[in-house]
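Me: Please take a close look at the aromatic rings here and describe how they are placed. A connected account would be welcome, with the surrounding context added at the end.

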Amino acid sequence: MCAAGRRWGRRQRVLLWGVLLAAWEAAWGQLRYSVPEEMPKGSFVGDVAKDLGLQLPALSHRDAHVFDTGRTRYFFLDLQNGHLSMMEQVDREEICAAVPKCVLNFEILVKQPMNIYKGEVEILDINDNAPSFPERSSVLEIIEYTAPGARFPLEKAHDPDIGVNSLQNYECSESSYFTLDVKNGDDDVKYPELILVKSLDREEQAVHNLILTATDGGSPVKSGSTTIQIVVLDGNDNAPEFTQSVYKVTVREDVAVGTRVLQVTATDRDEGPNAEVKYSFFKIPEKFDKTFKLDPESGEIEITEKLNFEEHEFYELVVQARDAGGLASHSKVHIKVADVNNHVPEIVIMSVFSPVPEDTPLGTVIAIFSVQDRDSGANGEVQCSITESLPFRLEKSFDNYYRVVTAELLDREQEWEYNVTVRAADGGRPSLQSSRVLCVRVLDVNDNAPVFLQERYSARLNSNRHQHLPESNTNLRVNERIDREGICGAVSPCVLRLEAVMENPFDMFHVSVTIQDINDNAPRFNKEFVTIEIIESTPPGSRFALGSGRDPDIGANSLQKYELTPNPLFSLLVRESSDGTKHAELVLEKNLDREKQKNHHLILTALDGGDPVRSGTAQIKINVTDANDNPPVFTKEIYKVRLMENLPEGSLAFQVKATDSDEGTNAEIAYSFSDIADSARQLFSLDPRTGDVKVTGPLDYEEGKYYEATVEGKDGGGLTAQAKVHIDITDVNDNVPTLSLLPILNPIPEDSVPGTVVAVINVRDRDSGENGEVSCNMDGNLPFRLETSSENTYKLIIASTLDRETVSSYNITITARDRGSPALSSSTELVLEVSDVNDNAPVFEEASYSAYVRENNPVGALVLRVVARDLDLGANGRVSYWLSGGSAGALGAAPPVSVEARSGAVYAQRSLDYEQCREFTVAVRAQDGGSPARSSTATVRVFVLDQNDNAPRVLYPPPPAASGAAPGSVGSAFEVVPRSASSGYLVGKVVAVDADAGRNAWLSYELVQASEPALFRVGLQSGEVRTARAVSERDAAKQRLVAVVKDHGEPALSATATLHVVLAESLQEALPELQQLLAAGSGALRGVPATHFVGIDGVRAFLHSYSHDVSLTADSRKSHLRFSAASCCDTLPARPPPDEPAPLLGDQEPAGAQQADPVPLPVSSFYLTFLPFLS
């Protein structure tokens, strides 16, 4: 039964693969289904069994499988009902994103016969996603002077659904300032834009809040919203305002350098940079520029050098406050220097009259000096004194002039010289003092009136203040050129005070000289070139201080008016302050436009009222600063970029560029992504300064083929513009083809017919185009080939016959290579095992075996072991052994050996006897366990080796049994020897045989007992009994000889023979002796007829007539007598025939043994001839 089952299985496989080969080329089916997304796990997709016309029970038997072409398994096939169902819940947006048609491909493989059916399932969109904005809230900054009609792109919402379920419209909350406009882009995407319909005023409302709502077209409608906070940016429409028009402060003149004098403060109703105020001195005189410093940030004024009340007791400074937008305002700072008693009174000796006549009357002026103290007030009020014990006193003439007059009469004879110390002390606290010593000598007059050395004396006044009046002319003249402005500055009138000292008599007069102004100075501006920055959004009517010109002349000669070169945009306004100073202001008449004209050049002229009129000019350059009234403009509305995937991180992908007609910070554009998916945000970065878009993540065409983003350009003033960026990723051959193997038949029966399909290979390459076109090949010269079954599917079929015994398995390397440049490839190994078929019969190691077994072996002894090998496996290669015939020789049909079925060991069934059977043959059959079984036969020839198990057998003289003696009697023979016999006379011959062979059958003879030992001898090898000497009369008539016959076995076996010899000349002479012997009870010849004796003589005559040795030989295979040509009495066996086995090691022939070609004589003939006589 088992063999029949195995045979049926092989036929079934052959039939199966024949059907499979025929069915492989059947048409490939195409299935199409559609299901909504988000279906739960296990949801029904389609009835595959029904649509393909497959029987339900056959699906499981045919081992149907579903293979998804992607990485994720989405479907499974229920083999019980044939339904294709969802393996897991599918989100269309996650799998296909914005692809309009989302299709998942699958393949169904059915075996027996094998078919592959392709199918696709379209995932239908449902409205499972609401529109959403990138941010829940956003901030939009708009400058307040933005013109109505300006448009501001807003971030668009994203709805991953498609069709009517995608985003359809935008709505905005109501606002009197804004309205919403929705545009359709070239990519059919709706973009919301905010339109300004009414001018903004930040000071009235700084923030506007709107809600932007995006809705889709699904049922029910879904929506998403975002809050837009509109921040109104300041337009710099307010100039800074000082807290005071005039700042007044009094500072002590001894204040330390670095001391903060005061702080000016200006505020600006604008905000941000437009409210950031910078302070500076406006047209400060150079001589004041080193005295004060103004902090531009805090407005603090500090002293940078020592103050001197005596040089400047009053400072007037003009401070300017300017915001970042260019608007400015001015304020005055009056700094009054408070005097400090820091000057010592200065005594100036103007005239000393010395010597003084001793008869000088009382009250005579002997010295004049003045006292000056540069301090003011009490600090400048000086009191002078001299020592009271001296004959002098002080008299004050006017102001600070003093006279030293005599207070007592002088007497030269008593005091000829006086040192008069004049002390001056001011009224400061503490008081400062100084002193001078006047040396007055007393001149002796000797009762004569004093006589001067000359008639007139002249005195010199201090330079630049006193004039010398020549003695010959009393007119007061100008000693050098006088500059009124240098002496009096702006003080009017300019008066020079003089003192005239008259001598003889001495007197002093006060003289005042008024210096009249002439038009000797033209008006002059502190700066010949003035630059004013005015923001272009400055409203008409705004004023800009130009400062004032300076004319040191006074009255009509001073500055009277200003003139400005005509300009339609500007006019001149002159204001006069309370101190009479005229200030020029520039008035803006019309709106400025920096983009039309950046600069304006004017000439301001200051004119005085002199004759002729003098004038001075200043060139005014007006820089129109940007007001950020132009939003950025991108060079392209849509940037279309193609990037190779796998660009290194940090690579520059592309650059967006926007320009702004404004300048400065208003033209500084900052770039950012305003609308970009998270997946793209991880891959790209945008440099806010340069607009460079760099790769920051791995670009993979297979993960994302297209990216879209919105780039926003925002200038320093807050105006924005947007542009679209479309990024197409170009495929690079960066994906190695992947192979998936489906073994159909493994292991493969080795008798499979060529064309049998053993495996199906599916190849995938995630690249596209040529990079994704894959071809397969197989390495090596193998008995298989690849055939294309369908797109990306190959079948591996048998190309030539298989032999498991030659190759039991194949390592097949299948290489998939794409068509990219450079091409990428991948390999996979398929190990196919070849299963065994019983196509090999067992083969013996030898065609025939020879075995040698010693006789008398024990039953069950191992004879030999035969080995047959079968190249097949398992049961097909499992060998069993049987005896299938042979020759048993003389032992009959029953085999003397048996063979063990598993091991092939041949055992003896019984003890063998060399003498009965010297060799035999048996046939051993080796058979495998295949179905059907295969077998082979080997011949085993068994040679039986002799053992010395047989003692020599004496034929003659006959043993007791042969001579008819009673049991226990010794056999004997009678020989008659004439007394005339000489030495060497042949008495008789002991004839013996040995059934053994070889050495075991080699016999030797020895005389062991004799009545006359010296009379007879026996041939060692021949057994002949001869006389050793001539018979003498003294020898007894009756002689008894006992000979022993030994073989050469180990151990040696032996037999004895007894020969009776009668010494007589004739038979008649010997009869009495013979009868006596018979009577003695030997019984050897008892009952033997007399005729038999004649027969004995006849035998003797017969034996002697041949003159040849006789040899009787018997072994286990042949038994016969052999007569040699040399002597009929030779009983040593001859060499065995050629077909007999050689003697065992050590069974050499005895030395000197003679070999002769024997003449076989059957034992039966011998017995027929001799036994009747012997018996």
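Reply: Y562 is a suitable place to begin: with a relative accessible area of 7%, Y562 counts as buried (under 20%; exposed is over 50% and partly exposed in between, with a 1.4 Å probe and protein chains only). The model is predicted, so local features need pLDDT of at least 70 and side-chain atom pairs pLDDT 80 or more, whereas totals for chains, interfaces and linings use all residues. Residues are numbered from 1 along each chain as its sequence is written, and side-chain values use heavy atoms, without hydrogens or water.

F525 is likewise buried, because its relative accessibility is 6%. The whole structure contains 16 aromatic pairs (Phe, Tyr or six-membered Trp rings with centres within 6.5 Å; stacked under 30 degrees, edge-to-face over 60, tilted otherwise). F525 and Y562 make up a tilted pair, with 6.2 Å from centre to centre and 40° between the planes. F525 belongs to the loop between β33 (507-515) and β34 (529-535), while Y562 is in strand β36 (residues 559-564), so this pair ties together parts 37 residues apart in sequence (strands are DSSP E runs of at least two residues, numbered from the N terminus).

F634 and Y671 provide a further example: their ring centres are 6.2 Å apart and their planes meet at 55°, so this pair is tilted. Here F634 comes from strand β41 (residues 633-634) and Y671 from strand β45 (residues 670-676), so the parts tied together are 37 residues apart in sequence. F634 and Y671 are both buried.

Elsewhere, Y74, F75 and F106 are linked into a cluster by ring pairs. Two tyrosine rings also have a lysine over them: K198 lies over the face of Y177, 4.9 Å from the ring centre, and the charged end of K705 sits 5.1 Å from the centre of the Y701 ring (Lys NZ or Arg CZ within 6 Å of the centre and 35 degrees of the normal).

As to context, the chain has 1175 residues, of which 45% count as buried. The structure also holds two disulfides (cysteine sulfur atoms within 2.5 Å). One joins C96 to C102, with 2.0 Å between the sulfur atoms; the torsion about this S-S bond is about 60°, so the disulfide is right-handed. Both C96 and C102 are buried. The other links C488 and C494 at an S to S distance of 1.8 Å, and the torsion of about 65° makes this bridge right-handed. C488 is buried at 15% relative accessibility, and C494 is buried at 1%.

Methods: Helices (H or I, at least four residues) and strands (E, at least two) are DSSP runs, numbered from the N terminus.
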